[in-house]
Amino acid sequence: MAADKGMLRMFARGRVQWLNTSCEAYLCQQFGIKKQQDWPLAVLARLGEKMPVDGAYWMLASPVHFSLQRDSFVLARPAPLALHLQESEALRISLNRHFAGAGLEFLPGAQGHWHLRLSSVPALSTTAVETVAGHDVASWLPQGEDAQHWRQLLNEMQMLLFDHEVNQAREARGELAVNSVWLHGGGILPSPSETAACKVYGENATLKGMAQLAGVSHAAVATLRTVMQEGPPHAVLQSPYVGLGNEWCELLWQALKARRVREVDLYLPWSHRMLHVQLRPADVFKFWRKPIALETYF
């Protein structure tokens, strides 16, 4: 992530701290959603995409690539892998055919994930794929009373995928093969929740589900200028850094300076943590705080 001068100025003038929580966990907490065995990201994503949720237990099943290192396997980026629709469907159909008798049903999902439907609740806790990406998977494998059973199922999935025709074609094109499935974000539909947010902006399916569960208005992100013109008292905006445009820092800076905004909280996910930067109008005038290199914060 490249930082412009405006963002470094905001970092210098604001209060900066690391939060030992993931973006998904923090958002769930802000929307009053309790952790089950996992944060229930899969069922929230289905809710956000207006897919049926019924009374089932749902998990995110992410098609991924395990990269063999000298003495470990690293979950390669991007995760999930970007698949063409035909590739995703061919793999999903094969998984359903193989596990038809095991009570597993893989359904189309959103944002590169499949959704795994279970008729019963497993004694299993998992870790979000965004947290594990780029790391040795050994420390992040499923835990709990049913962990051994699920690790065996994962081994079966890997054997099924090993010589699948989709992967043969991908490797022939020099692309990463889908050689494993990462399961995470399990849970049943939570009870309706409450949040201080008045409006939510973002394309993430799980965030949309949180907004719907809380009865909060949701919209896609147009530009930060549009969001500020709409002027909700407390807005939550989630966007890739590049999606905010070139002027977002200056817009927020001028809004703080003119006291049109009472507080700005920036959250930058980094593996399983987040960097939190908080600014209030008075911080704009702390001229003695000089910008430093972005790498200093990480």
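This passage walks through one end of the fold, its aromatic contacts and a handful of unusual backbone spots. The model is a predicted one, and everything below should be read in that light.

Helix 1 is a good place to start. Spanning residues 5-13, helix 1 is mostly covered, with seven of its nine residues buried. Those buried residues are Gly 6, Met 7, Leu 8, Met 10, Phe 11, Ala 12 and Arg 13. An α-helix makes a turn every 3.6 residues, so positions three or four apart point the same way. In helix 1, Met 7, Met 10 and Phe 11 are among the buried residues. The cover over the buried part of helix 1 includes strand 1 (15-19), helix 10 (248-257), strand 11 (264-270) and strand 12 (273-279). At the N-terminal end, helix 1 is capped by Asp 4, which places a side-chain oxygen 3.2 Å from the backbone nitrogen of Gly 6.

Three of the elements just mentioned are strands, and strand 12 ties them together by pairing with strand 1 and with strand 11. Six of the seven residues of strand 12 are buried, so the rest of the structure largely encloses this strand. Strand 1 pairs with strand 12 in the antiparallel sense, over five bridges. Strand 11 and strand 12 also run antiparallel, and seven bridges join them. His 276 is a handy reference point in strand 12: Gln 17 stands opposite His 276, and His 276 is also the bridge partner of Tyr 267. In a regular strand, side chains alternate between the two faces of the sheet. Strand 11 and strand 12 form a hairpin with two residues between the strands, and there Ser 271 takes a positive phi near 60°.

Aromatic contacts come next. The count of aromatic pairs comes to nine. In one of them, Trp 18 and Phe 298 have ring centres 5.4 Å apart and planes at 80°, so the pair is edge-to-face. This pair links distant parts of the chain, since Trp 18 is in strand 1 and Phe 298 is in the segment after strand 12, 280 residues apart. Phe 298 also pairs with Trp 270, this time in a tilted arrangement, with 4.7 Å centre to centre and 50° between the planes. Here too distant parts of the chain are linked, with Trp 270 in strand 11 and Phe 298 in the segment after strand 12, 28 residues apart. Ring pairs thus link Trp 18, Trp 270 and Phe 298 into a cluster.

How covered are the members of this cluster? Trp 18 is partly exposed, at a relative accessible area of 24%. Phe 298 is partly exposed as well, at 35%, and Trp 270 counts as partly exposed at 49% relative accessibility. With buried meaning under 20%, none of these values falls into that class.

Two arginines add charges to rings. The charged end of Arg 273 sits over the ring of Trp 18, 4.0 Å from its centre, so Trp 18 takes part both in this contact and in the edge-to-face pair with Phe 298. Elsewhere, Arg 46 lies over the face of Trp 58, at 4.0 Å from the ring centre.Finally, some backbone features stand out in the loops. The peptide bond from Arg 77 to Pro 78 is cis, with omega near 0°. A cis peptide bond also joins Ala 79 and Pro 80, where omega is about 0°. Pro 78 is found in the loop between strand 4 (73-75) and helix 4 (85-98), and Pro 80 lies in the loop between strand 4 and helix 4 as well. Gln 111 has a positive phi of about 55° although it is not a glycine. Gln 111 belongs to the loop between strand 5 (104-108) and strand 6 (114-118) and is partly exposed, with a relative accessible area of 44%. Arg 259, again not a glycine, has a positive phi of about 60°. Arg 259 lies in the loop between helix 10 and strand 11 and counts as exposed at 57% relative accessibility.

Key. Residues numbered from 1 in each chain as written. Predicted model: local features only at pLDDT ≥ 70, side-chain atom pairs only at ≥ 80, totals over all residues. Heavy atoms only, no water. Buried < 20%, exposed > 50% of the residue type's maximum accessible area, 1.4 Å probe, protein only. Helix = DSSP H or I, 4+ residues; strand = E, 2+ residues; numbered from the N terminus. Contact = heavy atoms within 4.5 Å. Polar contact = N/O pair within 3.5 Å; in protein donor to acceptor, adjacent residues only side chain to side chain. Pairing = 2+ DSSP bridges. Phe/Tyr/Trp six-rings, centres within 6.5 Å; stacked < 30°, edge-to-face > 60°. Lys NZ or Arg CZ within 6 Å of the ring centre and 35° of its normal.
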